[in-house]
Amino acid sequence: MTIVPVEVLDVARTARRITVLTGAGMSAESGVPTFRDAQSGLWSRFDPAQLATEDAFRRDPALVFGWYVWRLGRVREAGPNAGHLSLAQWARSADVRIVTQNVDDLHERAGSEVLAHLHGSLAAFRCLDCGRPFDGDLPEPDAVGRAAPPRCPCGGLVRPGVVWFGEPLPQKAFADGVLACRDTELLLVVGTSGIVYPAAGLPDLARSMGVPVVEINPEPTELSPSCDVTWRTTAATGLPTLVAAL
Ligand code: APR
Ligand code: ZN
């Protein structure tokens, strides 16, 4: 039986503005693999330097593009979980702003409006050279997971719309995320290991503004010591329990 920590409930009941910063753990119970889980994490089976950088893409476009098309397929097979759905429900009666590191669309498919996708979106393909959005058909990965990226009318290669390591975050998304973490009465940090900056710096920023920070994660993380409350539960258990108790 999951009990909402009383200090979380008290703040959540009175907060007029709530910001939720989500990471891959938010989608784990939808069957979308996280990155750093020891067993099932994506980075335990693939090397990020081989897949999540522009250099890697330029070196082997079909390998990298195929991997992202595979990931998009996993997301499309998945569905929003009870955690996503409870946030959408909460937003119908309170000012709940979602700032996510996730590149999936599960918050949106649960009915939430996402204020900021800090690391871009998996389905937002665009031209590597001119930036033109691409919404044509995607090639199916072949038997070894490779898929040659389509070309933009300008001749450039089409790339995934996610933020690769070494790339800046989308300016407006990050600015919106900073504002949402400063100007709020409660920050819930759900399902992130808190090791990829600058997103991982947002909870400290909130704390420095006197905002109560609550971590919802079954495991301790780099962020745990700077959270007011660490609630060792999962997104799809903790969030619905909290929303039901409001
Ligand atoms: N509910 C809540 N948290 C969970 C769950 C769950 N069901 N399952 C796992 N977690 C937690 C893990 O304990 C871990 O702390 O989710 C976190 C996932 O951490 P990561 O895999 O590192 O994902 P994330 O923090 O989102 O990674 C940040 O790194 O690779 C880049 O751009 C990528 O946005 C990503 C960024
Ligand atoms: Zn182009």
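**Figure legends: the whole chain and Thr-19**

The protein chain has a mean pLDDT (the predictor's confidence in each residue, from 0 to 100) of 96, with 100% of its residues at 70 or more. This is a predicted model, where local features need pLDDT of at least 70, side-chain atom pairs count only at 80 or more, and totals for chains, interfaces and linings use all residues. Residues are numbered from 1 along each chain as its sequence is written, and side-chain values use heavy atoms, with hydrogens and water left out.

**View 1. The fold as a whole.** Eleven helices and eight strands build the protein chain (DSSP runs: H or I of at least four residues for helices, E of at least two for strands). Along its principal axes, the C-alpha trace spans about 55 × 35 × 30 Å.

**View 2. What is tucked away in the chain.** Of the 246 residues, 50% are buried (under 20% relative accessible area, 1.4 Å probe, protein chains only). Take contacts (heavy atoms within 4.5 Å) between residues at least 6 apart in sequence: 68% join residues at least 24 apart.

**View 3. Thr-19 in its strand.** Thr-19 sits in strand E1, which runs over residues 17–22. Its relative accessibility is 0%, so Thr-19 counts as buried.

**View 4. The company Thr-19 keeps.** Setting aside neighbours within four places in sequence, Thr-19 touches Arg-97, Val-99, Ala-180, Cys-181, Thr-184, Leu-186, Leu-187 and Leu-188.

**View 5. From Thr-19 to Pro-139.** These two residues are 120 apart in sequence, and their C-alpha atoms are 37 Å apart in space.

Technical notes. Chains are lettered from A and ligands numbered from 1 in the order in which they are written.
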